[in-house]
Amino acid sequence: MTRVRVEVDGVTYEDDVEPRLLLVHYLRDRLGKVGTPIGCDTTNCGACTVLLDGVSVKSCSVLAVQADGRQVTTVEGLGIDGTLHPLQRAFHEEHALQCGFCTPGMIMAALDLLRENAAPSDEEIREGLEGNLCRCTGYQNIVRAVRRAAREMRTPAQEREVTS
Amino acid sequence: MTVQEIGTPRRRVEDARLVTGRTRWTDNMQPPGTLYVAFLRSPMAHARINSVNVSAAKSRPNVVAVLTGADFADEQGSLPCAWPVTEDMKHPAHPPMAVDEVRYVGEPVACVVARDRYAAADALEAIDVDYEPLPAVVDMEEALKEGSPLVHEDLGTNKCYTWVFENGDLDAAMRDAPVVIERRYVQQRLIPTAMEPRAVLCVPEGDDFTVYSATQIPHILRLMLATVTGIPEHRLRVVAPDVGGGFGSKLQVYGEEVLCLLLARRLGRPVKWTESRSEGNMAVHHGRDQIQRLRLAADRDGRIRGLKVDLLADMGAYLMLVTPGIPLLGAFMFNGIYKMDAYSFTCTGVFTTKTPTDAYRGAGRPEATFAIERLMDELAAELGLDPIEVRRRNWIRHEEFPYETVAGLTYDSGHYEAATDKALQLFEYDKLRAEQADRRERRDPVQLGIGVSTYTEMCGLAPSRVLGSLSYGAGGWEHASVRVLPSGKVEVVTGSSAHGQGHETAWAQIAADRLGVPFEDVKVLHGDTAVSPKGMDTYGSRSLAVGGVALYGACDKVIDKARKVAAHLLEADENDLEFSGGRFHVKGVAEQGRTLQEVAAAAFAAHDLPEGLEPSLDAEVTYDPDNFSFPHGTHLCAAEVDTETGMVRLRTYVAVDDVGKVVNPLIVEGQVHGGLAQGIAQALYEEAVYDAEGNLTTTTMADYLVPSAADLPEFTTDRTETPATSNPLGVKGVGEAGTIASTPAVVNAIVDALRPYGVRDVPMPCTPERVWRALQGDGAPEGGPQPGAAGGLGSVQGGDAQ
C-alpha cells in the first residue's frame with residue numbers, strides 16, 4: 001500500500017492504495033466520484049477523461065499513485081454553485097448528448113482542447129476530440145456545442161485575435 | 001397560457017444529470033456488502049471441458065466463492081429464445097455457464113466472487129481448465145456441407161432452420177426477362193458497442209430480489225429471469241437505471257444476468273458484475289452476418305419484374321432472445337419502396353462456433369435495404385439509366401397509398417417523390433454529376449462517386465397479431481398511465497424504457513400538449529418494474545409509434561374523466577363544455593370554467609363527484625398498433641475515392657427523412673445523425689473478424705473501428721412530413737432509419753466512383769485496402785486499372801451480369 005494525497009474537485013483526500021490501482025477506480029470505487037464512467041479497457045474511448053493539473057488524461061491509464069500531490073478535476077467539479085460550465089450548457093443547448101455516457105469525458109477533453117486553442121475550426125474540433133468516442137450523436141452536435149462554448153469562453157483579448 | 005408542445009425543439013430534461021455527472025449508471029451503485037463477480041471465458045472456439053480446477057483460486061485472499069458450470073447445472077436452466085421461427089427449428093440448450101462444452105470464444109466457464117474487482121480478476125488466473133479442442137466451424141457455406149464438423153453434435157446438422165416466403169409467379173417473372181442482375185453480397189458481422197458496457201447488480205431482500213441492469217428491456221427481462229431461474233415473477237423487481245445506449249445489444253437476456261441473480265440468491269449478498277470492453281466484444285451478441293444471394297429480373301425500360309432472395313444467416317453458437325427472427329424482419333423489406341410482380345425469400349439459419357447474433361440497430365432491415373438499393377444502382381448501370389430515374393420508374397407513387405406490397409405489408413403512407421426532390425436540391429445533384437464527368441474526363445486520380453438510397457423500413461414493433469403469425473413469443477403493445485396529482489402536477493408512467501432516446505422530454509411534451517399543462521409540471525417515470533407495471537420496452541423504433549400513442553390515448557382518457565367532473569362542478573352538460581389551454585369552460589361563456597388542476601383537486605377530495613365516478617384523476621391505456629410505421633426518405637452521398645491509395649472521403653451527405661409528425665425535431669435530428677454514423681461505420685470501418693480457428697481478433701476498440709469525430713463528415717439533414725395514417729399522432733419511428741438508409745448510400749457512392757474502372761462491388765467495410773484490391777481487378781485482366789476499361793455510367797455492361 002502506498003499513501004497518496006490527491007485533490008479532487010477541490011477536496012483533498014488521503015488514502016492508502018495499492019500501487020496498481022487505476023485512478024478511475026480510485027475515483028469511482030474509493031471516493032464515490034462516479035460521474036466519471038469507464039467505457040473501455042484500452043484507452044480508446046475516452047469516457048474516463050479527467051484533468052490532471054489542468055491537462056486532460058484518460059484516468060483508466062493513470063495510476064492513483066501518479067496523481068499523488070496533484071489536482072484532479074472531473075466533470076463533477078465543473079460549474080460553480082449549481083451554475084453550469086459553458087461547455088455543459090452548450091452540450092445541453094446543442095443536444096450534443098443522447099445516452100450521455102461519453103459526455104463527461106467528451107466535455108473534459110473539449111475543455112483541454114479549448115485551453116490550447118480558444119477558437120478551433122470544426123476540423124480542429126473533430127481532430128482534437130479524436131480520442132473520445134460517442135456512439136449516439138454522430139458527433140455533429142458535439143462539434144456545434146464545442147464551437148458554441150468556445151465563443152462564450154473566449155476572453156475579450158482572445159476574441160479580438162479571432163475577429164482580427 | 002400553454003404553448004403547443006408537440007413539434008417544439010425542447011432541450012432535454014435528462015441532460016441536467018448527464019452533463020454534471022450526477023448519473024445513475026448500474027456500475028455506480030455499491031450497496032453495503034457488495035461482492036464483485038468476474039467471469040472466466042473460453043479461449044477456444046470449440047472444446048470439450050474435461051475438468052475445471054478451482055481450488056487454487058478459492059484459497060486466494062478476499063475471494064468469497066469460485067463456481068463452475070457444474071455448480072450451476074441444477075439451477076441455471078437454459079437462456080430463452082422467444083422466436084421459434086419454424087416448427088422444426090433446431091433449438092439447442094443454452095446454459096448461462098458452459099458445463100461440458102464451449103462453443104465460442106468468450107463463453108463463460110467459471111466465475112469468481114470476491115471483495116473487490118481486482119481480487120476477482122486476480123483469482124481468475126488461478127483457475128485451471130482442461131480443454132479438449134474440437135474443430136471450429138467458422139464459415140456458413142462450409143458449415144452446411146456434408147461432413148462438416150458440427151457445432152451441436154446432438155442436432156446432427158448445423159442448419160437451424162429454413163424459412164420461406166413467396167408471392168407471385170417468380171418463374172414467370174424471371175423467364176425471358178431482358179435484364180437479370182445476379183449478385184452475392186456479404187453483410188459483415190458487427191459489434192453493437194454501446195458506450196456503457198453491460199453491468200448488473202442483484203440485491204437480495206428476503207425472498208425478493210432487485211436486479212439493476214444496463215438493459216433495454218426491464219419488463220421482458222423480469223419475466224425471462226423468472227422463467228429461467230424459477231424465482232417467481234412477483235418476487236423480482238428489475239430496474240434499468242440510466243442506461244448508456246443499447247442499439248439492440250441490451251435487448252437480451254444474458255447469461256451474466258441469470259448467473260448474478262443465482263449468486264445473489266446463493267450468497268445472500270448484493271452481487272455486481274461490470275464487463276470490460278474486451279470481454280464485451282466477445283460476449284455481447286453481435287449483429288448482421290448474412291450472405292445474400294440475389295436475383296433481380298427487369299424489363300428493358302427498368303421496370304422490375306421480380307426478386308429472388310436467398311440468405312444464409314449466421315446464428316452463432318446458440319439462439320438468444322430473438323436470434324432466429326432477426327433476418328426475417330428483413331423478409332418484408334427486400335422489395336423496398338418498389339412495385340414488382342413476384343418475390344421470393346428464403347432464409348437458412350446456420351450455427352457456427354462464434355458469438356451468437358441478435359438485434360443490432362435496424363435488425364434485418366439494413367441488410368434488406370442494402371441489397372435492394374445496391375441492386376437498383378446495378379440495374380441503373382446495366383441499363384445506362386440514372387439511378388434516380390430507375391427508382392422513379394419503380395417506386396410506389398404517393399397517390400397509390402395505402403399500398404399492399406409484394407411482401408404482404410400495407411404501407412399506409414409515403415411521398416417518395418417529395419423526399420427525393422428535396423434531397424436532390426439540397427445535394428445539388430446535377431452540379432456534382434457534372435463534376436464527376438469532369439473528373440472522369442481528366443482521369444483525376446481522385447474520382448467522385450454519387451450514391452443513392454431511397455429507403456423505407458417497417459418499425460414501431462409491432463401489431464401483436466402479426467407477431468403471433470410469425471411465431472414470436474409475445475405481443476407488441478405498449479402501456480402508459482397518466483396521473484394528475486392532487487396539486488395539479490402530472491406523472492406519466494411509460495412501459496417504454498429509454499436509454500438515450502429522450503423519453504423524459506418527449507413524453508412530457510405529449511402530455512403537456514394534450515392536457516394543456518406546463519411542460520415543467522410533467523414528470524416521466526420509466527425503467528423500473530415496480531414503478532411501471534406493464535411494458536414491452538424499447539427496440540425496433542417502437543417507443544413513440546407505440547408507447548407515445550399509448551400516452552396520447554391515456555391523456556384523452558384523463559380529459560374524458562375530467563370533463564365529467566368539470567360538468568358536475570359547473571352544473572353543465574358535459575357536451576356543452578369545451579377544453580382548451582388546460583381548462584374546461586361552458587361554450588360561449590369563457591369565464592365560467594374549471595382548470596384541469598381544479599378538477600384534479602376535486603377528484604382527489606372526492607367530496608362531490610358525479611354518481612358512480614371513481615375518485616382521483618388518472619387513466620391508463622394499453623395500445624396495440626394496427627400496423628407498423630413506415631418512415632422513408634432519400635439519402636445522397638458524394639464520396640471522393642483516391643484510386644491510388646483506395647482511401648475514401650465522404651464529401652457530402654444529404655439525408656431527407658420522412659418520419660411523419662415530429663414531437664421534438666431536435667431529438668429526431670439527433671437520432672438521424674447517430675443512425676447515419678452507425679450505417680456509415682458498417683460501410684467503411686467496422687467488422688468483427690474471426691480467424692480460421694474461430695478466434696475473434698477484434699476484441700478491443702483498437703481493432704474494432706468505431707468511428708471518431710474525425711472519421712465522419714458533416715451531415716445535411718432535412719425532413720418531409722407525411723403523417724402516418726395508422727395512428728392518431730401521425731408519427732413513425734426514427735431510431736433506425738439513418739442506419740438503414742446510409743450503408744447502401746455510401747457503398748453505392750464508392751462503386752459509382754469506380755465503375756469506369758470496371759469495379760462493380762467493394763466488400764464491406766470498404767477499407768482502403770479493399771477499395772485498392774477492387775481496383776486491381778480481383779482477377780480482372782493484368783495491367784492495372786484504366787478508366788473506361790469496362791464501360792461506365794451510361795454504358796451497358798456485358799458478361800456475367802446476365
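This dialogue looks at the fold of chain B and at its contact with chain A.

Biologist: What kind of model is this, and how are residues and chains labelled?

Modeller: It is a predicted model, in which local features need pLDDT of at least 70 and side-chain atom pairs count only at pLDDT 80 or more, while totals for chains, interfaces and linings use all residues. Residues are numbered from 1 along each chain as its sequence is written, and chains are lettered from A, with ligands numbered from 1, in the order in which they are written.

Biologist: What radius of gyration does chain B have, against that of a compact globule?

Modeller: The radius is taken over C-alpha atoms, and the globule rule is 2.2 Å times the number of residues to the power 0.38. For 802 residues a compact globule would come near 28 Å, and chain B agrees because it has 28 Å.

Biologist: How much of chain B is buried, and which residues have the most contacts inside its largest nonpolar core?

Modeller: A residue is buried if 20 or more other C-beta atoms, placed from the backbone, lie within 10 Å of its own, and 59% of the 802 residues of chain B count as such. A nonpolar core joins buried Ala, Val, Leu, Ile, Met, Phe, Trp, Tyr and Cys residues through C-beta atoms within 7 Å; the largest has 314 residues, and B:Val37, B:Val492, B:Ala511, B:Val746 and B:Ile750 have the most contacts inside it.

Biologist: How many residues does each chain bring to the contact?

Modeller: With contact meaning backbone-placed C-beta atoms within 7 Å, chain B brings 40 residues and chain A brings 45 residues.

Note on methods. Buried ≥ 20, exposed ≤ 12 C-beta atoms within 10 Å, placed from the backbone. Contact = placed C-beta atoms within 7 Å.
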